[in-house]
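Colleague: I have not seen this structure before. Could you take me through the terms used to describe the model and the reasoning behind each of them?

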Amino acid sequence: MIPSHQNPRVMRSHLGRVRCLGVGHNAFEHWWTERLCATGMAPLSIWFIIQLLRLSDAEHKDVVYWAKKPINSVLLLALVLLTFNHMRLGLSVITEDYTRGKIRMALNLLIKGCALFMGLLTISSILKLMLTSPNKL
Amino acid sequence: MSDIRATFYEGHNSDGALKKRPMSPHLQVYKPIPSMILSILNRVTGAAMAFGSTLVVAWLFSAAQGPKPFKKMQGITRHFIGQTVIFGFSISFFLHFIRGIRHLIWDSTGKRLQKDEINQDSVIDIAAILTLTCGLWALIIGKRLRNKK
């Protein structure tokens, strides 16, 4: 049998075949995405703190009207997406440092599941605030 | 002998004489310095805020559920325990924020990585974290005092 790297029918490049097969798998993507999310989160989280400060003594109605403004809901959605992605990547770095084998696998799945659940819960709450008329909330 | 692990570091020379083996560096034998403390705390605060994020999620969720759940949530956040958690969250956030920016500077420039530079910058970072946290809580308390009047 011809080894696959000499087989002319295999169209995949050598680089494509070895990608992600190193010990780190997609370590660079992991590292880079964490940094990208952090860069986006930095201004967004400061914006969110300022908004929370403004809303600290607000009634429910004020919060609903605040969340209904397109600029606020869009920035909130962006913050949630970036935060939970950054959180997932950061927490899995911790489990990869201190755990091995099956426990690591289980913890990483738990982290991914929790981040996905929390992210989706927040996004659906934001969408509900956005799309429901204020007197029905 | 203060360290219990030192018992395992007794060895013999090739001529049979007793010799103390060198101890490998562990967390316990390092002298704590600002850069090391901040590095550990950066990880700790990151993990802590992952749990703390439930508070923000709960706040938005309760707002989407209606006025009554939102009132209940305000009861939690305005309670003494809730306020303590929020204070912890704020100081964790500023630590992770400032140290995150420090990491971005290190990664993008490759500068300020010498031992003495790292320690100098750590002191600046600690000052920035404390200033931002105190500033935020001065604003919060100031707003509350104005509302009372």
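The discussion below takes up chain A, then helix 1 of chain B, and then the contact of the two chains.

Modeller: This is a predicted model, in which local features need pLDDT of at least 70 and side-chain atom pairs count only at pLDDT 80 or more, while totals for chains, interfaces and linings use all residues. Residues are numbered from 1 along each chain as its sequence is written, and chains are lettered from A and ligands numbered from 1 in the order in which they are written.

Colleague: How do you know what pattern chain A follows along the sequence?

Modeller: Helices (H or I, at least four residues) and strands (E, at least two) are DSSP runs, numbered from the N terminus. Chain A has five helices and zero strands, and its pattern reads α-α-α-α-α.

Colleague: How does the radius of gyration of chain A stand against that of a compact globule?

Modeller: The radius is taken over C-alpha atoms, and the globule rule is 2.2 Å times the number of residues to the power 0.38. For 137 residues a compact globule would have a value near 14 Å, but chain A has 22 Å. The C-alpha trace of chain A spans about 75 × 35 × 25 Å along its principal axes.

Colleague: What makes a residue of helix 1 of chain B buried?

Modeller: A residue is buried if 20 or more other C-beta atoms, placed from the backbone, lie within 10 Å of its own; it is exposed if 12 or fewer do, and partly exposed in between. Among those buried in helix 1 of chain B are Leu38(B), Met49(B), Ala50(B) and Trp59(B). In chain A, buried residues make up 19% of the 137 residues.

Colleague: Why does the span of helix 1 of chain B agree with its number of residues?

Modeller: The expected span is 1.5 Å times one less than the number of residues. The 32 residues of this helix (residues 34-65) should therefore span 46 Å, and its end C-alpha atoms are 45 Å apart, which agrees.

Colleague: Where is the kink in helix 1 of chain B centred?

Modeller: The kink, of about 35°, is centred on Ala50(B). The bend at a residue is the angle between axes fitted to the seven residues ending there and the seven starting there. Just after this helix, Gly66(B) takes a positive phi of about 135°.

Colleague: How many residues does the contact take from each chain?

Modeller: Two residues are in contact if their C-beta atoms, placed from the backbone, lie within 7 Å. The contact takes 24 residues from chain A and 22 residues from chain B. Helix 5 of chain A gives the most to the side of chain A that touches chain B, with seven residues.
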